[in-house]
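I opened this entry to look up the nonpolar cores and the disulfides. My notes follow in the order I took them.

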Amino acid sequence: MSNGPRRPIRGPVFPLLMLAAAGWACATSDAVPEPTGTAGSNGTAGTGDTGAAGTTGNGGTTGDAGTTGTAGTTGAAGAASTAGTTGSGGTTGAAGSPAGRGGTTGSAGSSGATGTAGSSAGRGGTTGAAGSSAGRGGTTGAAGSSAGRGGTTGAAGSSAGRGGTTGSGGNTGSGGGASSTLCTWPTAAGSQSVSATINVSGTYDGGMKRFTGAGALGGSGQTEGQGPLFQIANGGTLTNVILGNPAADGVHCSGSCTLRNVWWEDVGEDAATLLGSSSSQTMTIDTGGAKAATDKIFQHNGPGTMIIRNFCAQDFGKMYRSCGNCSSQYGRHVEMDNVMIIPRAGPLAGINTNYNDTAKFTRITVRGATNSIRICERYTGNSTGAEPVRTGDGADGTNCIYSASDITWMP
């Protein structure tokens, strides 16, 4: 497009410009009433204030921050409430939501009671977090497990118990020959004459006096049916007694009994006899000695078991005999341990195999040449009164039970 000469303005242009200028002046003067318009703007600002109230609802969101974002959603509901107060109510609802979670935290604690405390804490989200601390308190409860380790220390005591068992083994380990001091005879501390049998129930301590028979008990031979100096009731104990000469039929036991530290200086008919009727009864002769027995030292007429230990037997016909021809016959058993034998000596035991008798021997010492006496004789017994028949002797592992190491010979 070319630039030609400009044409002069014509017509009413100027008057129009004047009118425009006058109009602008009028518009400017119309701006004076603007305070009312500003108030309208303040109204908008009021709406902003209402928004600020929403921000207060967002304060509910702050409470929610104490626990979870879910409470934030509740805060949004507060924002929808144009009334700030209602928004505050929304905040309270948000606090309820953390309270539920606080209850969950409490259940992680040591007890239900702790959980309830967590629920109260829920009202102030942060306090709810304190409920979580209560859960850690539950962990402290687990420290009780440390006390359990203390119980492990108690198990160490169990080891000590096993040591005790080892000690028992020591008794077994004391095998071999009998003690050489068994045949050290005691000195009497006094004397007492016995013309009527002394009945013992419970424990009778003779104080190491010497008891001798008199009158009807004054016999010292082998006449059958003589009375005893002592009659021991079932469960009774006779201790610290020396039986002198005459001793009649010595001691009778009516059932289980114990003869402890009892010595026979001159055996009469028999030193002691086990009577009774129970297969479970036991007569225990523990510490003592007997000598000068023309026939038997110990007679076993009733059932049960006789135990002879820590004993000295000197100058006898038989040390033990299971009755071979009693009118009532039973299975009988004898056990000898730690016994010193001094000849004259017959067999240590005579038993009846047809009634399943047994005899066991440990730690036996014989002062004599090897195999100079029989240890165990076997018989066929009867209840007719006839003389029983001897069927053999020696260890057989069934009725006569011992090994070569159980017998020590001292020529």
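Before counting, I fixed the term: a nonpolar core is a set of buried Ala, Val, Leu, Ile, Met, Phe, Trp, Tyr and Cys residues joined through side-chain atoms within 4.5 Å. I also kept in mind that the model is predicted.

**Cores**

I looked up the largest nonpolar core and found 54 residues in it. Leu259, Trp264, Met336 and Ile341 have the most contacts inside this core. I then asked which strand gives the most to it. The answer is strand 10, residues 304-322, with seven residues.

I noted a second core, separate from the largest one, with six residues. Among them are Ala178, Cys183, Cys312 and Ile342. As background, nonpolar side chains in soluble globular proteins tend to be buried together.

I took Trp264 for a closer look and left aside its neighbours within four places in sequence. Its contacts include the aromatic residues Trp185, Phe298 and Phe311. I also listed Leu243, Val251 and Leu259, then Ala271, Ala272 and Ala290. Gly250, Gly289 and Lys291 complete the list for Trp264.

**Disulfides**

How many disulfides does the structure hold? I found four. With bonded cysteines counted along the chain, their pattern is 1-4, 2-3, 5-6, 7-8. I wrote up three of the pairs below.

Cys183 and Cys312, both listed above in the second core, are joined by a disulfide with an S to S distance of 2.0 Å. This pair links distant parts of the chain, 129 residues apart. I placed Cys183 in the loop between helix 7 (144-173) and strand 1 (191-194), and Cys312 in strand 10. The torsion about their S-S bond is about 100°, so I entered the disulfide as right-handed.

Are these two cysteines buried or exposed? The cut-off for buried is under 20% relative accessible area. Cys183 has 17% relative accessibility and therefore counts as buried. Cys312 has 0% and so counts as buried too.

Next I checked Cys253 and Cys257, which form a disulfide with sulfur atoms 1.9 Å apart. I read the torsion about this S-S bond as about 90°, so the disulfide is right-handed. Both Cys253 and Cys257 are buried.

Last I checked Cys323 and Cys326, whose sulfur atoms lie 2.0 Å apart in a disulfide. Their S-S torsion is about 105°, so I entered this disulfide as right-handed. Cys323 is buried, as is Cys326.

Key: Residues numbered from 1 in each chain as written. Predicted model: local features only at pLDDT ≥ 70, side-chain atom pairs only at ≥ 80, totals over all residues. Heavy atoms only, no water. Buried < 20%, exposed > 50% of the residue type's maximum accessible area, 1.4 Å probe, protein only. Helix = DSSP H or I, 4+ residues; strand = E, 2+ residues; numbered from the N terminus. Contact = heavy atoms within 4.5 Å. Disulfide = S-S within 2.5 Å.
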